[in-house]
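Here's a quick tour of the empty spaces inside this protein and one greasy area on its outside. Have the model open while you read.

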Amino acid sequence: MTIAARSTNNMVTTTVGPLSKYELGFSNSLVGVVTGLMFVATLFATSYLNPSLKSSTRRKVFVVSNLAILALLPLFYLSNSFTIWIFSALIGLAFGLVMPNLITAASLVEDRKTAERLLAIYSASLSVSLILGPLYETLILSKFQYNFVFLAFIPIAVIAFILSWTVRFPDTDKEISGSRALRNKGLSSSILAITTYNVPFAAITAFLTILAIERFHVPNDLAYSAYIPFFTLSFLTRLYMSIRPFKSLRVPMLISVLITMITLAGTIVSPSYSAFLLLMALLGIPHGSVFPMSTIMIQRATSKEERNAVNSYFLAYNNFLFIAVPAVVGYLSEIIGLPLTFSLLTVPVVITSVVFFMKFWNDEILTARSLK
């Protein structure tokens, strides 16, 4: 279910941008705004709708949302410069009611070690989808335009809809949300941790293809293929974490942050497309590690009753990043260029990393010293 849902989700979020620019004539700024609109809708779903629903109701909404995604894909094929805004908002809302429940389902095990391994396997499944999806899309783009890609993903959305009926939901009607969940240190630590990576990843989602085309003048399918080494290294990292779960998260987080900063700075001096692909591959390592470590922090610090709300708020924050960052990057790129804008993303990474390590370096949420 995760592979099917996330591959479709990633296709939409990475293809709406180039579809808008190269087929509908949008500027970089408008590309950032229409991409951000999807995440505004997702933010509303993850921060308000999903946490407010009881488990039994949430399961029904989950199934209906997968059906809505399936119905919207052919509409993107027929979209124009007006309707793409409507379809982007609707599909963003649907994804916001799907993805948080998949994380919660992966953590519904009492044993801590087993739960953390399952979260790593869940994250590895995300990476599998982010390898197979771009490979499939690269093949499609070698023969068709961007709008046809949405039709090509309909069979995958059908699989997601069928499997959505089997996903496990918490067996409690006393779930906790609101201020108590917002104060949970699992939420604050995971938000700081994911900021060190999802600021650049939000830019990559919206602009990687455009960056490759503008910087190296490669064709559409080759430009989109930059996602393949990126997500391949991400998958291998998560596969390792599934086999050998980290007990202490301190050193893995530190290494991930350093790789992020070095590779982002390197985008501006990359001498060739091959070197650029190598940098994208290296950047896939923190992409593979930081997200599962963030979900593990949540699992370590939450009860089963508050986990859905904390996971929802965590994804809501991620959606906020995917609203703000593409819009800012799109605007700055028209002033200083896309390569330099990507390099400047190291600034928020450094600031957030310092705050995170100062606050949590000796906390059991990273060290696991007092966890059973």
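Let's start with a small group of residues: A4, A5, T8, N66, I69, F95, A157 and A160 line the second largest cavity. Keep in mind that this is a predicted model. A search of the whole structure turns up 2 cavities of 30 Å³ or more, and the bullets below take each in turn, then go on to a pocket and a surface patch.

**The second largest cavity**
- The volume here is about 40 Å³.
- Helices α1, α3 (55–77) and α8 (154–164) each put at least two residues into the lining.
- The top contributor is α1, with 3 residues.
- By class, the lining of this second largest cavity splits into 6 nonpolar, 2 polar and no charged residues.

**The largest cavity**
- This one holds about 460 Å³ of space.
- Its lining takes in 30 residues, and R6, N9, F291, L315 and F322 are the ones nearest the centre.
- Plenty of elements chip in: α1 (2–22), α2 (28–52), α4 (83–96), α5 (99–106), α6 (112–141), α10 (185–216), α14 (273–301) and α15 each give two or more residues to the lining.
- Which element gives the largest share of the lining of the largest cavity? That's α10, with 5 residues.
- Sorted by class, the lining of the largest cavity has 17 nonpolar, 11 polar and 2 charged residues.

**The largest pocket**
- About 160 Å³ of space sits in the largest pocket.
- Its lining is made up of M1, T2, L102, A105, A106, L118, Y122, S125, V167 and R168.
- The elements giving two or more residues to that lining are α5 and α6.
- In class terms, the pocket lining counts 7 nonpolar, 2 polar and 1 charged residues.

**The nonpolar surface patch**
- On the outside, I268, V269, Y331, I335, I336, L340, L344, V347, I351 and V355 make up a nonpolar patch, with about 890 Å² of accessible area together.
- Two or more patch residues come from each of α15 (304–336), α16 (338–344) and α17 (346–360).
- One of the patch residues is V355, and V355 lies in helix α17.
- Why does V355 count as partly exposed? Because its relative accessibility is 41%, and partly exposed runs between the buried limit of under 20% and the exposed limit of over 50%.

Terms used. Residues numbered from 1 in each chain as written. Predicted model: local features only at pLDDT ≥ 70, side-chain atom pairs only at ≥ 80, totals over all residues. Heavy atoms only, no water. Patch = residues over 30% accessible without salt bridge, like charges linked within 9 Å, V, L, I, M, F, W, Y side chains within 5 Å. Areas by Shrake-Rupley, 256 points an atom, 1.4 Å probe, with all protein chains shown as cover. Salt bridge = Lys/Arg side-chain N within 4 Å of Asp/Glu carboxyl O. Helix = DSSP H or I, 4+ residues; strand = E, 2+ residues; numbered from the N terminus. Buried < 20%, exposed > 50% of the residue type's maximum accessible area, 1.4 Å probe, protein only. 1 Å grid on protein atoms, 1.4 Å probe; cavity = no way out; pocket = protein on both sides within 12 Å on 5 of 7 lines; lining within 4 Å. Points joined across faces, edges and corners; volume = space filled by probe spheres on them. Nonpolar A, V, L, I, M, F, W, Y, C, P; charged D, E, K, R; others polar.
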